[in-house]
Structure formats: structure tokens, C-alpha cells
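Visitor: I would like to learn how labels are earned in a structure like this. Can you take me through some?

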Amino acid sequence: MSDLELPIRGRTYREPEGPHSMVVRGRDIEAGLQHVAERDDCRAVAVIGLPKEDRDLSVLAGRRLFLVDSDGARLRDFAEIALRAEAEVEWIRSASPPFDRLADALLPVGAVILAAGSSSRMHGSQKLLLEFDGRPMIKSVIEAASDGGCHQILVVYSSEDVKRAVSGDAELVYNPRAETGMASSLQAGLRAMRPDMEAALVMLGDQPMVGSRTVVALLRAWRREGSRPAVAVSSGDAGRWTPPVVLARELWDELFTLEGDAGARQVLDKRPELVDVVPAPDRLDDIDTPEDYAKIVRLFPRPKPKTNH
């Protein structure tokens, strides 16, 4: 559809198969609008450098539209036309296409935080409510997903205590089959994802030291042109990976067939060609036992309150 060279997964210069987004220069917008009119599965459009003349944008109703131009007045005028056409509009004043903003707008990713485990090795404690950085550790994971740029955040839970701790910080998804293993929680989260989410970032509720830097690195790597359907962080062993992991929507149908406690690993370990592995900027320790938690507390002790003399 255009001669733009942007390293964004799934860019459209040819007729694509399946749901997709499109990046087009303003001078090519007529061809772009014709493509949208013919393809219900074109979910989002980015226009780089707006055309001088107004256009009928009615075919964009209900779709995401991202506008980039250096002329602020023209941006406002074009955005008003798009809003009247009932498009979901975002715009930025810039002389050149901003890769990260475009990728974020065209390829939204939602987070599925798995928090339905039984904490059986914590001897009666619900580990996700244990304190990390002065709050329940599940809150740290939610914050990492939010600050890292996830467009939707779901917490899959089975315990009422976890539900109360999350409160309004994320969307809650109850898993009545949590005792069957991680696969059922993953599936519950994927089913609750909004249809505009192009991928799911699967995070573990007991990895409180995974911060927003890791989330940003994973999303950027997945959105890069040529990346594989899944992107995970390195476990430290050659070629091995560990959560968090980004799972493209194209993998979800296969994930819905899984059973047991291994989650996406059941698919990805058998087919390593589906996974890119990137370094993790943060520590990846998960907390399963009292000894694990004691180690975390030693590494990150809670600051002592100041006293007045």
C-alpha cells in the first residue's frame, strides 16, 4: 500500500492474510481507504503525512486511526473529520514516523497475569499477598504491566483474598478450574482479552522483581519486523526461556487445546522455532517457598520508617 520502510510486524505493502494493520502515506490514502472498504479485518490504519484535501473517512468507523504530520492545524482538522466518522483517533505532531508510537498504536498487547495458584509450598500463606516493596507482590506485577505499556491488564484468580488485593487495579477473571493447572488459567485470560489485542503478555503473579523495563523490552522485540510469534526472556541457560512471554494471537487456538500445569511451554518447547529469546533487564526470581521469599526480602529489604528525635 505504500513505500514506507518501517520495521513493524505485519506492515502492509501487499494483500495480507487475516487480521492486520496498515501503514500508508497521505498521498496513497485513496488506495488505503479502498483497501479498508474491502477488508473488514483491517483493524487499524496509520497515515504518515496527511493529504492536503479532506477525504470521506466513513469506512474507518469503529477502527483505530493513527495520524502523523508536522502541521498541527492540519492534524486537528483531519482528526475532527475522522472523529465525526466515528473512528478511534490518535495523533502526533512529528515530521517523521515515530516507530515506537506507531507500533504501540497498531499492535496493542494485553497482559494476562496468572494469579490462581494454590501457593501449596508456602505453608498456608497466599504468596501473592506477601509484602514486596511495601505492598502485596501482585501489585508490583500489575504495575510493571501498566508502566510497560500493556493496553489491557487481566488478573486470573481463584482466591477471594487475591481478588480483594487487586481491587480496581486490573480487570479480574475468575478461574473455577484453577486446580487443574496453569493451562486453564492461561485459557481463561486469553478468552477475556479484548478482540483488538494482537498478542498477550503472560506474566506470573509471583515474579515481583520483573519490572516495566522487561515488559518494554518484550513488547518492542515482538513488534519488530521479522520477529517470531512468541518472544520470551532468557532463563540464563543457552537458548532456554522463562516467563514473561508474549504470545501472538495466531498461537491462541493451539493454546486453547492445552491441559495441565505447563501452560504455553507445552507448545513452545516442542517448536523452538516459534520463540525469540531476549535478555531480561530485571531479576526473574519467582517465589514458591518461604526460603524464596526470605531471599527476596534480604535482597530488597523494606526501608525502615524514619523516627523523629
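**Labels and their reasons**

Guide: Start with R74, in this predicted model. R74 has a relative accessible area of 13% and is called buried.

Visitor: Why is R74 called buried?

Guide: Buried means under 20% relative accessible area. R74 has 13%, so R74 is buried. R74 sits in helix α2, residues 72–84.

Visitor: What makes the link between the R74 side chain and E53 a polar contact?

Guide: The side chain of R74 reaches the backbone oxygen of E53 at 3.2 Å. The cut-off is within 3.5 Å, so the distance qualifies. Beyond its neighbours within four places in sequence, R74 is in contact with L50, P51, K52, E53 and D54.

Visitor: How do you know that strand β8 is mostly covered?

Guide: Strand β8 spans residues 152–157, and 6 of its 6 residues are buried. On one side these are Q152, L154 and V156; on the other, I153, V155 and Y157. In a regular strand the side chains alternate between the two faces of the sheet.

Visitor: What makes β5 and β8 a pair?

Guide: Two strands pair if there are at least two bridges between them. β5, residues 109–115, and β8 have 6 bridges, so they pair. They run parallel. G110 has Q152 of β8 as its bridge partner.

Visitor: Why do β8 and β9 count as a pair?

Guide: 4 bridges join β8 to β9, residues 171–174, and at least two are needed, so they pair. These strands run parallel. V156 stands opposite V173 in β9.

Visitor: Which unit do β8, helix α5 and β9 make?

Guide: They make a right-handed β-α-β unit, with α5 covering residues 160–166.

Methods:
Residues are numbered from 1 along each chain as its sequence is written. This is a predicted model: local features need pLDDT of at least 70, side-chain atom pairs count only at pLDDT 80 or more; totals for chains, interfaces and linings use all residues. Side-chain values use heavy atoms; hydrogens and water are left out. Buried means under 20% relative accessible area, exposed over 50%, partly exposed in between (1.4 Å probe, protein chains only). A crossover is right-handed if, with the strands pointing away from the viewer, the path from the first strand over the helix to the second runs clockwise. A polar contact is a pair of N or O atoms within 3.5 Å; within protein, one must be able to donate a hydrogen and the other to accept it, and residues adjacent in sequence count only if both atoms are side-chain atoms. Contact means heavy atoms within 4.5 Å.
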